[in-house]
Every structure is written in C-alpha cells, then in structure tokens.
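Hi everyone, thanks for making the time today. I'd like to walk you through one chain, so please have the sequence and the model open as I talk.

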Amino acid sequence: MGVMAVLMLPLLLLGVSGLLFIYQEVSRLWSKSAVQNKVVVITDAISGLGKECARLFHAGGARLVLCAKNWERLENLYDTLVNVADPSKTFTPKLILLDLSDISCVQDVAKDVLDCYGCVDILINNASMKLKAPAHKISLELDKKIMDANYFGPITLTKALLPNMISRRTGQVVLVNNIQGKFGIPFRTAYAASKHAVLGFFDCLRAEVEEYDVVVSTVSPTFIRSYPGQGNWEPSIWKFFFRKLTYGVHPVEVAEEVMRTVRRKKQEVFMANPIPKAALYIRTFLPEFFFAVVSCGVKEKLHVPEES
C-alpha cells in the first residue's frame with residue numbers, strides 16, 4: 001500500500017500539471033479568438049500597461065490603434081511589435097498622437113480611427129495622470145488638468161466612438177481605473193476625485209448601453225508598479241512576496257486581466273491584495289473607523305513629499 005501511494009503521488013502531480021497546461025492553452029486560444037480581427041484602440045500605449053496590452057492583443061490578431069502623446073516612443077513600440085510577431089497572423093498597428101488632457105483633439109482622433117477602419121470593437125481607456133500633494137498646495141489649474149486627463153479625456157473619446165458601437169449593436173469599452181475610484185487616501189485629492197468621477201460615469205453608462213449589447217467593463221488595480229528592472233530587486237523569494245504585497249500589481253498581470261475581461265465580457269474587476277480589499281469593506285460598513293485610521297496615519301507624517 002505504501003509503495004502504491006508513493007507511485008501515485010508523481011502520477012497525480014503529472015496529471016494536475018497536464019490539466020493545468022491544457023487549461024492554459026485553451027485559455028490562450030480562446031483569448032486569441034476573442035480579439036482576432038477586432039479593431040482595438042489602446043490609449044497611453046507607451047506606458048508599462050499599454051505596452052503589455054499592445055503585445056497581448058497584437059499577438060491575438062487584433063487590428064491595433066495605439067494612441068500616446070510621444071511619437072518617438074510610439075514608433076519604438078511599433079518596431080517592437082512588428083519585429084517579434086508573425087506578419088502572416090498579425091496586422092500592422094496604426095499609430096495616433098493623442099494627449100487626453102487636450103480635449104479639443106479627441107474628436108479628431110475618433111474620426112481618424114473611424115475613417116481608417118469604419119468601426120471600433122474594443123476601446124481600452126488606459127491613460128492616466130497622477131499627482132501627490134496636499135490639497136491646499138494644488139492650484140485649480142492643476143486640478144482641472146487632472147480632471148481633463150483622467151475624466152473628461154476618457155469620456156470624450158468614449159462618447160465619440162460609442163454611437164458607432166450602438167448602431168452596430170456590438171462593442172466593449174474597458175476602463176483601467178484605480179482602487180482610488182472606490183475610496184480616497186490622503187494627498188491624492190485631485191487624483192482620487194478624477195477616479196471617482198470616471199468610475200461613476202462608466203457605472204451609469206453600463207446600464208444605459210446594455211440594451212444595445214455594448215459591454216462596459218472596469219478594471220481597478222491598487223496601482224501598477226514598474227518593471228523589476230527599474231528597481232532594486234533582489235533574487236529572494238521573501239523580497240519577491242514582500243514587494244508583491246507592497247508595490248501593487250505588475251503590468252503583465254493587469255494586461256492579462258484586461259484580456260480576460262474582454263474575453264469573458266466581465267463588468268467589474270477589482271485587483272488588490274487582502275489589505276486594500278479589507279479597507280474597501282471597512283470604508284463601506286465602518287466609515288468612522290476607516291476615517292479615524294486614515295487620519296492617524298496623516299498625523300504621523302511630519303513631512304509629505306510632493307510629486308509633480
């Protein structure tokens with residue numbers, strides 16, 4: 001009996017590994033079929049997350065429209081995608097200069113996309129502008145600039161492309177938001193306000209367009225950390241888990257979740273470690289306790305670093 005148990009364990013592990021491999025391959029093929037030949041618009045495509053989304057959707061056979069406000073970096077991304085992909089199975093990406101904080105150019109960009117492809121199947125609103133500073137030190141002009149980049153920009157582009165989706169009775173809009181769309185933290189007043197606002201808009205929009213078979217999805221990570229190569233990453237398993245808990249989710253993880261969200265047409269995804277998730281529930285059910293804890297944290301800070 002003991003010998004049989006010893007022999008069964010490797011077979012069991014082999015069987016589980018085989019099933020996991022099959023599941024991953026089926027998921028990969030399913031994801032590819034979900035975006036193949038689809039017109040996919042990605043804003044801020046030169047960011048860490050934008051690049052990973054571009055890589056996944058390009059490999060899946062999507063007709064990419066990559067938007068960003070730096071032409072040189074867009075061309076670098078273009079070269080990377082074209083050089084590593086099979087040209088017989090992929091489409092050449094279209095590059096468009098777009099600064100979402102400049103609302104006046106958004107309508108022209110939407111017209112350019114529709115003139116090129118005639119439709120948009122998937123819009124991934126990824127662009128975002130961050131700011132950390134005490135509220136009384138942020139000018140109203142900067143408040144407005146944050147709202148333009150994080151709220152008015154995404155909703156203007158969405159509203160420009162939405163009639164095409166409604167008339168075709170198909171399409172999906174994905175908003176990559178942030179945990180601060182659910183609750184705010186100190187020294188992020190302008191940023192949190194913009195994230196609350198844009199989440200509220202897309203929550204309302206979801207119900208409005210459901211009858212037209214247009215899907216509205218929101219993906220909210222805690223925050224997206226930089227690539228390992230950009231920091232001091234030690235080859236220690238403990239360091240890895242510590243940083244995973246502390247520094248948020250990797251762009252690759254978020255990009256894969258965006259792909260799953262598109263494939264499964266999920267409405268809302270919240271990507272967070274247990275502590276932020278617990279904070280969300282405490283903010284909802286025990287708001288006074290939540291505010292007290294946050295206030296104590298602020299009082300302990302003698303100096304608050306400001307970020308431009």
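**A ring cluster, a helix and a few odd residues**

Let me start with the aromatic rings: Tyr-151, Phe-152, Phe-201 and Phe-202 are linked by ring pairs into a cluster. Please keep in mind that this is a predicted model.

Before the details, a quick overview. The chain has 10 helices and seven strands. Of its 308 residues, 41% are buried. If you take the contacts between residues at least 6 apart in sequence, 73% of them join residues at least 24 apart. For those of you who like surfaces, the accessible surface comes to about 17100 Å², and 61% of that belongs to carbon and sulfur atoms.

Back to the rings. The number of aromatic pairs is five. What is the geometry of Tyr-151 and Phe-152? The ring centres of Tyr-151 and Phe-152 are 4.8 Å apart with the planes at 75°, and anything over 60 degrees counts as edge-to-face, so that is what this pair is. Tyr-151 has a second partner, Phe-201: that pair is also edge-to-face, at 6.4 Å centre to centre and 85° between the planes. The pair with Phe-201 links distant parts of the chain, since Tyr-151 belongs to helix 5 (residues 140-168) and Phe-201 to helix 6 (residues 189-209), 50 residues apart.

How covered are these residues? Both Tyr-151 and Phe-201 are buried. For Tyr-151 the relative accessibility is 17%, and the limit for buried is under 20%. Phe-152 comes out at 37%, so Phe-152 counts as partly exposed.

There is also a charge over a ring elsewhere: Arg-63 lies over the face of Phe-91, at 4.0 Å from the ring centre.

Next, helix 4. Helix 4 runs over residues 106-117, and at 1.5 Å a residue its 12 residues should span 16 Å; the end C-alpha atoms are 17 Å apart, which agrees. Which residues of helix 4 are buried? They are Val-106, Val-109, Ala-110 and Val-113. Looking down the axis of helix 4, these buried residues fall within an arc of 100°, so they line one face of the helix. The general background is familiar: an α-helix has 3.6 residues a turn, so residues three or four places apart point the same way.

And what do the buried residues of helix 4 pack against? Their partners are strand 1 (39-42), strand 2 (63-68), strand 3 (94-97) and helix 5. On the other side of helix 4, Asp-108, Lys-111 and Asp-115 are exposed. Right after helix 4 comes Gly-118, with a positive phi near 85°.

The helix 5 side of this packing can be followed through one residue, Thr-156. Thr-156 sits in helix 5 and is buried, with a relative accessibility of 14%. Leaving aside residues up to four places away in sequence, Thr-156 touches Ile-103, Val-106 and Gln-107. Val-106 is one of the buried residues of helix 4 that I just listed.

Now over to Asn-125, which is in strand 4 (residues 122-125). Is Asn-125 buried or exposed? With a relative accessibility of 2%, Asn-125 counts as buried. Beyond residues up to four places away in sequence, Asn-125 touches Thr-43, Pro-154, Leu-157, Thr-158, Val-173, Val-174, Leu-175, Val-176 and Phe-202. Phe-202 takes us back to the ring cluster. Asn-125 and Val-41 are 84 residues apart in sequence, while their C-alpha atoms are 8.2 Å apart in space.

Last, two backbone spots to look at when you check torsions. Asp-44 has a positive phi, near 45°, and is not a glycine. Asp-44 lies in the loop between strand 1 and helix 2 (48-59), and at 24% relative accessibility Asp-44 counts as partly exposed. The other spot is Phe-187, also a non-glycine residue, with a positive phi of about 65°. Phe-187 lies in the loop between strand 5 (171-176) and helix 6. Phe-187 has a relative accessible area of 16%, so Phe-187 is buried.

That's my tour, and I'm happy to rotate the model to any of these places. Thanks for listening!

Terms used:
Residues numbered from 1 in each chain as written. Predicted model: local features only at pLDDT ≥ 70, side-chain atom pairs only at ≥ 80, totals over all residues. Heavy atoms only, no water. Helix = DSSP H or I, 4+ residues; strand = E, 2+ residues; numbered from the N terminus. Buried < 20%, exposed > 50% of the residue type's maximum accessible area, 1.4 Å probe, protein only. Contact = heavy atoms within 4.5 Å. Phe/Tyr/Trp six-rings, centres within 6.5 Å; stacked < 30°, edge-to-face > 60°. Lys NZ or Arg CZ within 6 Å of the ring centre and 35° of its normal. Expected span 1.5 Å × (residues − 1). Arc of directions from axis to C-beta. Areas by Shrake-Rupley, 256 points an atom, 1.4 Å probe, with all protein chains shown as cover.
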